[in-house]
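Colleague: I have some questions about the charged pairs, the surface and the pocket of this protein. Could you take them one by one?

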Amino acid sequence: MSVSDRVRVKDVRVLSDKKYLLKSTTFEWRRNNGEWQTQVREVYDRGNGATLLPYNRKRRTVVLVRQFRLPAFVNGYDDLLIETAAGMLDDADPEARIRAEAEEEIGYRLHDVHKVFEAFMTPGAVTEKIHCFVAEYEPEMRIGDGGGLVDEGEEIEVLELSIDEALAMIADGRIMDAKTIMLLQHAALHIFK
């Protein structure tokens, strides 16, 4: 029996469709004992995204960004968030999208971009799946300052850090973004071993 055999959607109501889509879904779930249970969940659909960790193996460095994130602030985080460069796909191919984000946010035109995994970040409430990439960078690949797009409200600081410092920033709470933590851990295990 597949999961689709265990779900019967009864009603879907749109609660908001401003920038993204928030729906309330009433459905029946077939439990392991065979009984059907009615449940209601709100689901936020903002599309899928891509993120990238540029690294320089020889210099043992990574490039991250620092920017304001309203949801983190509203949840009590009174600092700028340190993250990997990222963006929404907006129907683009994940690799093409992350190459464009790299130029916009960090100012690098990267050559070999490699997808390492995909992940649902908050699968209990948000549909978004993130395509996670790594790419080796060299200083001569820098084509601009980065900083993001002003018309999208972005004001991004580019950070070049040693992998050791970035990992220490996870431990001491200066890096709290999940996609960034996952990619830094990937780099520690597979790139900077």
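Modeller: This is a predicted model. A place to begin is Glu104, which forms a salt bridge with Arg97, with the closest N and O atoms 3.4 Å apart.

Colleague: Is Arg97 buried or exposed, or something in between?

Modeller: Its partner Glu104 has 22% relative accessibility, so Glu104 counts as partly exposed. The cut-off for buried is under 20%. Because Arg97 is at 17% relative accessibility, Arg97 counts as buried.

Colleague: Which residues are joined into one network by salt bridges that share partners?

Modeller: By the rule used here, the model has 16 salt bridges. Some of these share partners, and one network formed in this way joins Arg69, Glu83, Asp177 and Lys179.

Colleague: How many residues apart in sequence are the parts that Glu160 and Arg59 tie together?

Modeller: The side chains of Glu160 and Arg59 meet in a salt bridge, 3.2 Å from N to O. Glu160 lies in strand β10 (residues 157–162) and Arg59 in the loop between β4 and β5, so the parts tied together are 101 residues apart.

Colleague: Which strands does the salt bridge between Glu157 and Arg66 link?

Modeller: The closest N and O atoms of Glu157 and Arg66 are 3.0 Å apart. These residues are 91 apart and sit in distant parts of the chain. Glu157 is in strand β10 and Arg66 in strand β5.

Colleague: How does Arg66 count by accessibility: buried, partly exposed or exposed?

Modeller: Glu157, at 38% relative accessibility, counts as partly exposed. Buried would need under 20% and exposed over 50%. Arg66 is at 24%, so Arg66 counts as partly exposed.

Colleague: What is the accessible area of the nonpolar patch on the surface?

Modeller: One of the residues in the patch is Leu70, placed in helix α1 (residues 70–74). Leu70 counts as partly exposed because its relative accessibility is 49%. Together, Phe68, Leu70, Phe73, Val74 and Leu80 have an accessible area of about 490 Å².

Colleague: Which element gives the largest share of the lining of the largest pocket?

Modeller: The largest pocket holds about 1400 Å³ of space. Of its 40 lining residues, the closest to the centre are Tyr20, Arg46, Arg69, Glu83 and Met88. Elements that give two or more residues to this lining include β4 (49–56), α2 (94–106) and α4 (178–190). The largest share, four residues, comes from α2.

Colleague: How many charged residues are in that lining?

Modeller: By class, the lining of the largest pocket has 18 nonpolar and five polar residues. The charged residues come to 17.

How values were computed. Residues numbered from 1 in each chain as written. Predicted model: local features only at pLDDT ≥ 70, side-chain atom pairs only at ≥ 80, totals over all residues. Heavy atoms only, no water. Patch = residues over 30% accessible without salt bridge, like charges linked within 9 Å, V, L, I, M, F, W, Y side chains within 5 Å. Areas by Shrake-Rupley, 256 points an atom, 1.4 Å probe, with all protein chains shown as cover. Salt bridge = Lys/Arg side-chain N within 4 Å of Asp/Glu carboxyl O. Buried < 20%, exposed > 50% of the residue type's maximum accessible area, 1.4 Å probe, protein only. 1 Å grid on protein atoms, 1.4 Å probe; cavity = no way out; pocket = protein on both sides within 12 Å on 5 of 7 lines; lining within 4 Å. Points joined across faces, edges and corners; volume = space filled by probe spheres on them. Nonpolar A, V, L, I, M, F, W, Y, C, P; charged D, E, K, R; others polar.
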